[in-house]
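This report looks at the salt bridges of one protein model and at where their partners sit.

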Amino acid sequence: MAIEKVGIVGAGQMGNGIAHVFALAGYDVLLNDISEDALTKALSTVTKNLDRQVSRGKISEDEKNTALKKITTTTKLSDLGPTDLVIEAATERETVKQAIFEDLLPHLKPTTILTSNTSSISITRLASRTDRPEKFMGFHFMNPVPVMQLVELIRGIATDQETYKALHEVVEKLGKTAASAEDFPAFIVNRILMPMINEAVYTLYEGVGNVRSIDESMKLGANHPMGPLELADFIGLDTCLAIMNVLHDGLADTKYRPCPLLTKYVEAGWLGRKTGRGFYDYRGDEPVPTR
């Protein structure tokens, strides 16, 4: 199952990072988004991140230029038809993902592998809405993609061994490490990480500590590189809430109930770094806690 041309749906934070690592590994990449502006911004971000790697001696100028030539963009899903592998990296909403696969399927080759970069949604359920559940997998990259080493590989109930093997080989070619996860809500990383972040929000909500004291406590007391509230802002509070809802709904356990304060921040549109405010206010020279 040779994979040479890769289609990526969604040019946001995850999509442009995935495009970056695939192009650098020598794959032909077709990056899709409904917005031309998003595609322009994505290419700018990829260029900036490649420049950073050049300045740090991670790659050469020639490798950077070769990678950029490997990426083309399109606003038409139908253009992804000739690809060997499609990675859906759209927003973390199941209805959105299902609609993308529905629109995409008529254009694909029978051999094309379909994957989702979902961080929590059932792979089996997404696969069941397609014409190729045996060639469908979860392909979960960590953010920021060019930096983070891990990729979670999640098989649906119908995924065949050939598809799993092909994606495992892709991960190796990318120079990353694969971890196999069962298809249960939030898989491995977010099954552990998100309840910790949610508990940090409860700690804030109940007045046990303020934003800065909670983050400093976990950085200095548990040797975490980022505090949980700082990390939530980096991930996006809307994404954190979506994953907690998937855990709560899928496992029916009250320990996964999203903190009301997390819901309030999302309702306010304070989603973290991407909106300028979350548990910190990023609109000045230095981030300032909002509580």
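The structure holds 13 salt bridges, a salt bridge being a side-chain nitrogen of Lys or Arg within 4 Å of a carboxyl oxygen of Asp or Glu. The model is predicted, so local features need pLDDT of at least 70 and side-chain atom pairs count only at pLDDT 80 or more, whereas totals for chains, interfaces and linings use all residues. Residues are numbered from 1 along each chain as its sequence is written, and side-chain values use heavy atoms, with hydrogens and water left out.

Three of the pairs are listed here, including their N to O distances.

| Basic partner | Acidic partner | N to O distance |
|---|---|---|
| R129 | E102 | 4.0 Å |
| K219 | E216 | 3.3 Å |
| K274 | D238 | 2.9 Å |

R129 and E102 form a salt bridge; because R129 lies in the loop between α5 (123–128) and β6 (136–141) and E102 in helix α4 (residues 94–104), this pair ties together parts that are 27 residues apart in sequence. Helices (H or I, at least four residues) and strands (E, at least two) are DSSP runs, numbered from the N terminus. R129 is partly exposed at 48% relative accessibility, while E102 is exposed at 51%; buried means under 20% relative accessible area, exposed over 50%, and partly exposed in between (1.4 Å probe, protein chains only).

K219 and E216 both belong to helix α8 (residues 211–221), where they are 3 residues apart, about one turn of the helix. K219 is partly exposed at 24%, and E216 is partly exposed at 33%.

The salt bridge between K274 and D238 links distant parts of the chain, with K274 in the loop between α11 (260–267) and β9 (280–281) and D238 in helix α10 (residues 237–251), 36 residues apart. Salt bridges that share partners also join D51, E61 and K64 into one network.
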